[in-house]
Amino acid sequence: MRIFTMKSMLSLTAAAFILSASAEELTLVTQTVEYPDNEPAPCHPVPTPRQIKWQETEFYAFFHYGMNTYTNLEWGMGNENPNTFAPTEVPDPAQWLRAVKAAGMKGGIAVVKHHDGFCLWPTETTTHRCTSSSNENAKATNIPRDFAKAAKELGLKYGFYISPWDRNSAFYGTDKYVKDVFMKQCDELAQYGSDQFEMWFDGANGGSGYYGGANDTRSVDESTYYDIPNLRDYVHSIAPDCLMWGVGGEARWIGNESGYAGETNWAMMERGAASEISNRETGQEEGWIWLPGESDAKATSAGWFWHSNQTDLSAERLFQMYLETVGRNATLILNIPPDKSGKLPSSSVSVLEELGNLLKTRLGTDLASNATVSVSESRANGANRTYEATNLTDGDIDSYWAPNDGTTSATITLTWDEPQTVRYVTMMEYIRKGQRVKSFKIETSEDGSTWTPRATSIAQTTMGYKRIIPLNGSTSNSYGTGFKAKALRITINDSRACPLLHTVSVY
Ligand code: FUL
């Protein structure tokens, strides 16, 4: 007879289990359960470590650059002459990334192959590539190499958009394409860095194209064509922390491409085209897989690629997008297209700098760190973990506040010695154990005893990884004059299980 010892978060009770020791024999085993840290049980589903790292990237850039930059198109047919790709200077991803770092972004994704199949590195899989151009700057182009190098130097995360749909390849639609072209291209990209944080596999798949001169229409069933389980395993084997987006994805498309997520936004979803489409902005409380939302949006007025008639959206508009995506439990991937010189236009660089300043001024100085925090209830501390109110403001994302099991409503109150001017509240759940909060409200008090509800026009429902509430209730004109507050109170009204928050910030 074997005795098993198992650490469990579920119960203190020692239990007897019948385990199958071999195919023929049943053995009765006594299981001793230890529970030293008093941790709350997870509320399923929960994210994978890879999804958590990805979510922590929060706000990152998208760079659409390639053949379309020179043809003034958004979708090339795949029949372009490589000589048309003629950068007026050697493309400079370091310049792109410096500009987005100044905007407060934590990383970026470079398009290295769009639907036209034109590759921005010296791939061996096709001659439809930058190095086939007679232009000297094109020959010197290697976007994945230079992008990854610059990102590492700047301390940013990086990833690549590589279109599964290839309107140039004669093999598109056959198994050979997936194995010998597409997967090989992923493999080639891994040589520039296996620490990619996201690989964007676009959902546009199949249709008309050049296809090696056949000039026909090819349709694929994307749910089977790319052999998704294998593709996912393959990507993870060459880039372990790389989240696969889109085809077979581990995150979902928020869908509107206008820079907003649902005010209610669960990271959970039921797999299946119909539910993923109809619930993409909000997720599903009852969803059984963890599929967090990513919102892709443009920082310019024209297409994803650079066009001479484009204008830059204002920094205020981009700040609003930030509040309505990152502030609503989604990530924001914001597109800024490099122009024909392979650089970001100076007007875009200025707007990005302005945005960075807005984020620093408005969400840069956390007033919660000077407040006294009290909660309606905390669970008993464990041997190696505490669950106290101060965990909410200690700046440590691994320590969290937790009430007792079974408690689904609670208050968190921050009090200052002197009244503060407050405008925004940020709340972050400890999502490692699942997304829980269903409903909350926020109030401020000038004297510490009379309370006024704030932002009542906003649905105060889910929190998730991060929720930012502008206290005046407006995401488009959120700064305003602010409210005087001696105290601020968050009341959690309902939660799927005891709520777990690791951070509350006030600005
Ligand atoms: C879409 C593509 O078809 C667009 O060209 C662009 O790349 C956008 C981000 O995704 O599905």
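Leaving aside neighbours within four places in sequence, Ser-275 is in contact with Met-269, Glu-270, Arg-280 and Gln-284. This residue belongs to a predicted model, and Ser-275 sits in helix α9, which covers residues 273-278. With a relative accessible area of 14%, Ser-275 counts as buried, because the cut-off for buried is under 20%. One of the contacts can be described further: the side chain of Ser-275 reaches the backbone oxygen of Glu-270 at 2.6 Å.

From this helix we turn to the sheet. Eight strands form an open sheet in the order β10-β7-β6-β5-β4-β15-β14-β11, and the pairing is parallel. Its edge strands are β10 and β11 (252-253), each of which pairs on one side only. In general, the strands of a sheet pair through backbone hydrogen bonds, either parallel or antiparallel.

Strand β7 (residues 198-201) shows how one member of the sheet is placed. Glu-198 and Trp-200 point one way from β7, Met-199 and Phe-201 point the other way, and all are buried. On one side, β7 runs parallel to strand β6 (residues 157-162) and is joined to β6 by two bridges. Within this pairing, Phe-160 has Met-199 of β7 as its bridge partner. Between these two strands the chain passes through helix α6 (residues 175-190), making a β-α-β crossover that is right-handed. β7 also pairs with strand β10 (residues 243-246), again in the parallel sense, over four bridges. Here the bridge partner of Met-199 is Met-244 in β10.

Elsewhere in the sheet, β14 and β15 pair in the parallel sense over six bridges. In this pair, Ser-295 stands opposite Leu-332 of β15. Helix α3 (residues 93-102) packs on the sheet, where it touches β4 and β5 (107-113), and its direction makes about 150° with that of β4.

Another helix to look at is α10 (residues 315-325). Nine of its eleven residues are buried, so α10 is largely enclosed by the rest of the structure. Among these buried residues are Leu-318, Phe-319, Met-321, Tyr-322 and Leu-323. The cover over the buried residues of α10 includes the strands β4 (59-63), β14 (293-298), β15 (330-335), β18 (424-429) and β21 (467-470), together with helix α11 (346-363).

After β7 the chain enters the loop that leads to β8 (207-208), and Asn-205 lies in this loop. Asn-205 is buried, with a relative accessible area of 14%. Not counting residues up to four places away in sequence, Asn-205 touches Pro-164, Trp-165, Tyr-172, Val-220, Glu-222, Tyr-226 and Val-247. A polar atom of the Asn-205 side chain lies 3.1 Å from the backbone oxygen of Asp-202, and the side chain also reaches the backbone oxygen of Gly-203 at 3.1 Å. Asn-205 and Tyr-322 are 117 residues apart along the chain, and their C-alpha atoms are separated by 29 Å.

The last stop is the ligand. Which residues are around the ligand? They are Phe-62, His-64, Trp-75, His-114, His-115, Tyr-161, Asp-202, Ala-204, Asp-296 and Trp-304. A polar side-chain atom of His-64 lies 2.7 Å from an oxygen atom of the ligand. For Trp-75, a polar side-chain atom is 3.0 Å from a ligand oxygen atom. In the case of His-115, an N or O atom of the side chain is 2.8 Å from an oxygen atom of the ligand.

Conventions
Residues are numbered from 1 along each chain as its sequence is written. This is a predicted model: local features need pLDDT of at least 70, side-chain atom pairs count only at pLDDT 80 or more; totals for chains, interfaces and linings use all residues. Side-chain values use heavy atoms; hydrogens and water are left out. Buried means under 20% relative accessible area, exposed over 50%, partly exposed in between (1.4 Å probe, protein chains only). Two strands pair if DSSP finds at least two bridges between them. A crossover is right-handed if, with the strands pointing away from the viewer, the path from the first strand over the helix to the second runs clockwise. Contact means heavy atoms within 4.5 Å. Axes are lines fitted to C-alpha atoms, for helices over the stretch in contact, and angles run from 0 to 180 degrees between N-to-C directions. A residue is near a molecule or strand if one of its heavy atoms lies within 4 Å of it. A polar contact is a pair of N or O atoms within 3.5 Å; within protein, one must be able to donate a hydrogen and the other to accept it, and residues adjacent in sequence count only if both atoms are side-chain atoms.
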